[in-house]
Amino acid sequence: MELRPAGLVLDGREEALLCASLFYFRLPRETWEARLAQVRATGYRAIDMYLPWNFHETAPGVWDFAGRRDAAAFLDLAHEAGLAVIARPGPYICSEWDGGALPAWLGLDEDLRVRQAEPRFLEQVRGWFDQVMPLLAERQWGRGGAVAAVQLENELDFFDTADRHAYITALRDMAVGHGVEVPLIACAGQGDLVGANGDVEGVCPAFNFYPDDRSPFVEAEVRRYADLTAARGLPLLVTETNRSHATLRRLMVSGASLIAPYLQASGYDFGYTPSVGNWGDPGGFMTHDYDFGGYLSPVGEARPETAEARTLTAFARTLGPALAGARATGAEGVQAVSVTTSSSPSRLVLAGGGTVTGVPNLTEEPGTALVDGVEVALAPRSTALVVQDLPLAGFGLPGVLRFASADLVGADEGGLRFASRVPAVIAVDDATATFAAPEIGSPVRQNVGGLAVVVLHPEDVLDPGGAHGEITAPPEEAEELTTAYRRALPTRTGRTEAHELPPASEAVGVFRGRTHYATDLDGVEELLIEGAADIVDLALDGEALPTRVVYGGTITVPTAGKTAFEATVETWGHANFDDSRLPGLALGSLRGLGRVWSVAGREDVHALWTVDGGAQWAGDPAPVRSLGGWSSTRIGRPATYRRTLPVDGTSHHAFHIDGLVLPVEVEVDGEARILSPNDPWLHLAPGRGRDIAVTAPHWPGSGGGGVELLRLEAVRDWRIEAQPDHAIIALAGQDAEGLGVELPLPLAPGEEAWLDVPVPAGGRSLRFEGEQVRVSAFAGGELLGRVWLDDPHRPRFTGGDPGRLWIPAGWNSGTVRLLVRGTAGGAHPRLERVTAAPAPE
């Protein structure tokens, strides 16, 4: 295994590699072998594979590499399938996975700083690397294993790491110390080469590109990075990108030697493992159905892009070292394109002679282009790879392939094989022939320049092993499941522990799952809750309040004189993408109810702020205005507002800016922080906050909201029931008497019920309908996933299908057990129906 300017070289052969994401932790173990075979059958030569730290360290110092967590067995199966593996052990992986794979308990150490060259974090990372790196080192390519490269960290250029060089150096030294000798890489998420690898020797920078597939500027951007890496004697490794092969062709012809579309083989998040706050969306929940439209669905259905995969991999394999060693330039001679195309098409100058020119059609309509005077037909949403002046001697054939608008997918003593969906022009030496567009199963044959030439439909292109199968998903035949059994099972144990203040979920061992809180209120008219996350169900005197989705922000709850306060806080997931707009979306942030306060007093502090406008005016004394009330013609210039707050020096207070529309910087006693419209609250501990300054850019309409100071008193004496994921799954596995019921099933707000629903045999996609209920489904000793039905309080879901859960065939005993909870705040909660459709595996 070598890293050369031509790319990752397996067994001495230089070849442009296509690599599909395939994640063992998102698949049942019994499906691993078949799913690996599906990927290999598309011609992809490699897979990339995250290894999530918190999937294997299930509690501090408790390691699990058995069963579905047996990463070594998955690597061995990948090797048997003939696939190389780019292993990505983090420590942070993102992947829309709970916490980006960082263990939830790291946030309990206030001195630990994640993703930094900081001793406490590196000590934790060392424990993980001590487990995972020997496993990878034992399975390196060339030693009877599949691991061809190891990625350190992931998209570090998105994160504010203080000393990237020191941090990546520490990770590199740990990996090398465990005997990892295959290439080490580090990927940039937004093109910051040095930001990704810290400019550390021995760690090759790689790049993740997620362009708009319709953008005309892809080629120019990719060529820039190809030039940057070539100047360092390195290849352009694209470790993540979009899944459309029309776009992958554009990357290939622009100089990428490794192309790894992210999640080409989709998966599924079993258990309490999805994340929150994805891609900077402060309200998003990742679905359990982890699908971005790759060529394999989460349940293993093959999609039409599999034919495009076979065609492109056959093209790369046929050109082999000539393509891998090619140099990318801007294309000349592409003219008269009748459809929207690239602003700067690319051309590869092949090693040993010849060129490949990429001509994209970025529209849904067929088109044409002139390439060096020859008209080329362009299929909708495609990229033609036009080969010119290719010597055929390397294939043992006479002559030169002067021009081919179809994809060259094979060349040997039997002649030349091409693939195309549209009419094609092929010229060998001085002979030119036009080929009609082939039909599926009916190739078009001609003799051109003394050579046998055949043009296939892409769906007739075979993978290297000759396998050829169904490329589209079978139609779903859903069966409605109307009968259920309501089981006389408790949904919690009821055993509680006393705590003076409400603890974080992680502090009581709930790294995933639910934590239940209860206390008695005495004379409390209003509560202020700081730091709750994620799904917060509250009740006063047994009456359920509307469910809230909170990410560590601050909420207020009027009590209406009620005294019994209860809360159930469920962790949907820890943030996988650091977002400073809300406290609960920071990496390492904790879950649970947060701090609960009684509001003992309020004071209006919107007025009597002195204004310092800097260069916006001259003069002294400063004017006095309301906060945000200064007007200026200089839009966007900062102004600072100062005043003394009426804090008493002994109480906790909360400072609140209502109606905030822009982020502002707040300085309290010399320390600054940002308040955002998502969380316009600032906690002031006793003795702090007397002198406060707020700096904001002037923007018309940004002022005028209320500004308040709340005096707080801690609510104490709590009863806590911890319900971690394994405890919920244990309850779901118990037996109990049942009463037959017919759907729909009505529930009261806050009511929970266990239901057993008979399910037809085999793998099934389960779909749920209803309103204002949350459903958790269990089978095979695991949580299949959760859905939240038609509720005005639910968040936006991102990723795959939020209404579908998958029960794999091997987990289907004929029954799925549901934990159904009614929510409050709208119509009457009910589970309307459940349907099951076949899910091939």
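The following dialogue concerns the cavities, the pockets and one sheet of a predicted model.

Trainee: What makes the second largest cavity a cavity, and how much space lies in it?

Mentor: A cavity is a set of points where a 1.4 Å probe fits but cannot get out. About 140 Å³ of space lies in the second largest cavity. Among its 15 lining residues, Arg514, Glu570, Arg774, Ser776 and Leu819 are the closest to the centre. Two or more lining residues come from each of β55 (773–779), β56 (782–789) and β59 (815–822).

Trainee: How many cavities of 30 Å³ or more does the count give?

Mentor: The count comes to eight cavities of 30 Å³ or more.

Trainee: How do you know which classes the residues lining the second largest cavity belong to?

Mentor: Asp, Glu, Lys and Arg count as charged, and six residues of this lining fall in that class. The lining also has eight nonpolar residues and one polar residue.

Trainee: Why is the largest pocket called a pocket and not a cavity?

Mentor: A pocket is an open set of points, whereas from a cavity the probe cannot get out; the name therefore rests on openness. The volume of the largest pocket is about 1400 Å³. Its lining comprises 43 residues, and Pro583, Gly584, Ala586, Ser589 and Leu590 lie nearest the centre. At least two lining residues are supplied by each of β40 (595–604), β46 (671–675) and β47 (681–684). By class, the lining of the largest pocket has 19 nonpolar, 13 polar and 11 charged residues.

Trainee: Which residues lie nearest the centre of the second largest pocket?

Mentor: They are Thr58, Arg69, Arg512, Asp725 and His726, from a lining of 26 residues. The elements that give two or more residues to this lining are α2 (53–56), β5 (57–59), α10 (725–732) and β56. This second largest pocket holds about 480 Å³ of space.

Trainee: What makes β44 and β49 a pair?

Mentor: Two strands pair if at least two bridges are found between them. Strand β44 (residues 652–657) and strand β49 (residues 707–714) have six bridges, in the antiparallel sense. Histidine 656 stands opposite glutamate 708 in β49.

Trainee: In what order do the strands of the open sheet stand, and why are β38 and β47 at its edges?

Mentor: The six strands follow the order β38-β34-β40-β49-β44-β47, with antiparallel pairing. β38 (554–558) and β47 each have a single partner strand, so one side of each is left without a neighbour in the sheet. On average, neighbouring strands of this sheet are turned by 35° against each other, direction ignored.

Note on methods
Residues numbered from 1 in each chain as written. Predicted model: local features only at pLDDT ≥ 70, side-chain atom pairs only at ≥ 80, totals over all residues. Heavy atoms only, no water. 1 Å grid on protein atoms, 1.4 Å probe; cavity = no way out; pocket = protein on both sides within 12 Å on 5 of 7 lines; lining within 4 Å. Points joined across faces, edges and corners; volume = space filled by probe spheres on them. Helix = DSSP H or I, 4+ residues; strand = E, 2+ residues; numbered from the N terminus. Axes fitted to C-alpha atoms, helices over the stretch in contact; angles between N-to-C directions.
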